[in-house]
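The exercises below introduce a structure through short tasks, each followed by a worked solution. Please examine the sequence and the model before attempting them.

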Number of protein chains: 2
Amino acid sequence: MRFVYHPAADELSLPSVLYALSDPIRLQIVQALSESGERPCGTFGLALAKTTLSHHFKVLREAGIIAIRTEGTYRWNSLRRADLEARFPGLLNAVLTASELDAAIAVHASQQTAEAEFAFEPVGRR
Amino acid sequence: MRFVYHPAADELSLPSVLYALSDPIRLQIVQALSESGERPCGTFGLALAKTTLSHHFKVLREAGIIAIRTEGTYRWNSLRRADLEARFPGLLNAVLTASELDAAIAVHASQQTAEAEFAFEPVGRR
DNA sequence: GCTATTGTTCTATATTCATCGAACAATAGC
DNA sequence: GCTATTGTTCGATGAATATAGAACAATAGC
């Protein structure tokens with residue numbers, strides 16, 4: 001538990017970042033970090049095993065989305081806002097905004113029946 | 001080959017969209033669609049089996065990122081820019097911008113040795 | 001009707017991933 | 001040194017995924 005490796009700012013890859021953000025739990029973590037700043041892993045109130053949480057934090061860290069700072073037995077996580085902004089301008093903000101919207105809409109949608117799929121009619125149909 | 005189902009604009013989920021965009025091949029497809037507008041599946045110059053391409057287009061379509069229009073034996077794909085913008089403002093543009101930057105940097109990086117990982121030094125280290 | 005073209009569905013396979021329990025590592029406080 | 005706390009690493013497991021070959025569907029053109 002001595003050193004933790006992080007990718008350098010110019011080494012982040014877009015697919016890795018998008019993949020790391022494509023999991024609902026990891027999105028929750030990122031959103032919480034965005035709202036309340038630096039936090040230890042165990043303070044996110046997620047009903048998951050410690051090992052599972054550790055896995056998600058590792059994915060986020062190796063994608064370059066969060067940085068981890070060790071202090072005593074705690075590990076403080078924070079968003080690498082500046083690095084992400086330099087490499088992928090606007091991306092984090094767009095995701096965070098969408099995530100908030102998404103959460104709001106999810107709450108609203110759960111009060112309705114949600115089976116409204118539709119089809120584009122192909123031009124050459126009959 | 002009659003109807004193709006697409007999710008409605010308000011049914012798109014952020015994790016699904018981010019996941020669909022987290023694959024390099026699908027990113028390439030989206031970028032190509034962004035630059036050259038509507039195109040049939042077979043015109044992207046990707047060295048993959050037809051079935052694999054079909055799979056990737058399906059993932060993009062079911063995530064709500066592209067729409068497909070049938071005309072004769074062709075299927076014309078297009079970006080659902082407006083729907084994405086309404087649901088996830090700024091996201092597509094951020095991804096497209098980052099994707100272009102990423103490609104440019106990848107070309108540049110391939111001309112160098114790329115082993116510059118570094119570590120954040122934990123505060124309590126010795 | 002026959003053939004060529006475009007793309008999908010079905011099935012299989014190898015890989016990756018999310019989850020978790022058990023054991024371990026590092027530190028704080030006594 | 002001993003114990004509690006925080007988090008990681010190591011396996012294991014079941015699910016999801018990217019890939020592709022074979023067969024099929026729909027259409028255009030003859």
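**Exercise 1: DNA strand D**

A polar side-chain atom of B:Tyr19 lies 2.8 Å from a phosphate oxygen of DNA strand D, a polar contact being a pair of N or O atoms within 3.5 Å; within protein, one must be able to donate a hydrogen and the other to accept it, and residues adjacent in sequence count only if both atoms are side-chain atoms. This is a predicted model, in which local features need pLDDT of at least 70 and side-chain atom pairs count only at pLDDT 80 or more, while totals for chains, interfaces and linings use all residues. Residues are numbered from 1 along each chain as its sequence is written, chains are lettered from A and ligands numbered from 1 in the order in which they are written, and side-chain values use heavy atoms, with hydrogens and water left out.

Task: describe the surface near DNA strand D.

Solution.
1. Take the phosphate contacts further: a backbone N or O atom of B:Ala49 is 3.1 Å from a phosphate oxygen of the strand, and a polar side-chain atom of B:His56 is 2.3 Å from one.
2. Assign the surface to elements, where helices (H or I, at least four residues) and strands (E, at least two) are DSSP runs numbered from the N terminus. Two or more residues come from each of α3 and β4 (74–79) of chain A and α2 and α3 of chain B. With four residues, α3(B) gives the most.
3. List the surroundings, counting a residue as near if one of its heavy atoms lies within 4 Å of the strand. There are 24 such residues, and the closest are A:Lys50, A:Thr51, A:Ser54, B:His55 and B:His56.
4. Sort these residues by class: nine are nonpolar, 10 polar and five charged. Here Ala, Val, Leu, Ile, Met, Phe, Trp, Tyr, Cys and Pro count as nonpolar, Asp, Glu, Lys and Arg as charged, and the others, Gly among them, as polar.
5. Turn to the DNA side: of the strand D atoms within 4 Å of the protein, 67% belong to sugar or phosphate and the rest to bases.

**Exercise 2: DNA strand C**

Task: determine which residues are closest to DNA strand C and which elements form the surface near it.

Solution.
1. Of the 23 residues around strand C, the closest are A:His55, A:His56, B:Lys50, B:Thr51 and B:Ser54.
2. Side-chain N or O atoms of A:His55 and of B:Ser54 each lie 2.5 Å from a phosphate oxygen of this strand. The backbone of A:Ala49 has an N or O atom 3.1 Å from a phosphate oxygen.
3. The elements giving two or more residues are α2 and α3 of chain A, with α3 and β4 (74–79) of chain B. The most, four residues, come from α3(A).
4. By class, this surface has nine nonpolar, 10 polar and four charged residues.

**Exercise 3: Helix α2 of chain A**

Task: compare the length of α2(A) with the expected span, and describe its ends.

Solution.
1. The expected span is 1.5 Å times one less than the number of residues. For the 13 residues of α2(A) this gives 18 Å, and the end C-alpha atoms are 18 Å apart, so the two agree.
2. At the start of the helix, a side-chain oxygen of A:Asp23 comes within 2.8 Å of the backbone nitrogen of A:Ile25.
3. Just after the helix, A:Gly37 has a positive phi of about 70°.
4. Its buried residues (under 20% relative accessible area, with exposed over 50% and partly exposed in between; 1.4 Å probe, protein chains only) are A:Arg26, A:Leu27, A:Ile29, A:Val30, A:Gln31, A:Ala32 and A:Leu33.

**Exercise 4: The nonpolar core**

Task: identify which members of the largest nonpolar core touch the most other members.

Solution.
1. A nonpolar core is a set of buried Ala, Val, Leu, Ile, Met, Phe, Trp, Tyr and Cys residues joined through side-chain atoms within 4.5 Å.
2. Among the 58 residues of the largest core, A:Ile65, A:Leu91, B:Ile65 and B:Leu91 touch the most other members.
3. Helices α1 (14–20), α2 (24–36), α3 (50–63) and α5 (91–109) of both chain A and chain B each supply at least two of its residues.
4. Beyond its neighbours within four places in sequence, A:Leu91 has contacts (heavy atoms within 4.5 Å) with A:Leu14, A:Val17, A:Leu18, B:Leu91, B:Ala94 and B:Val95.
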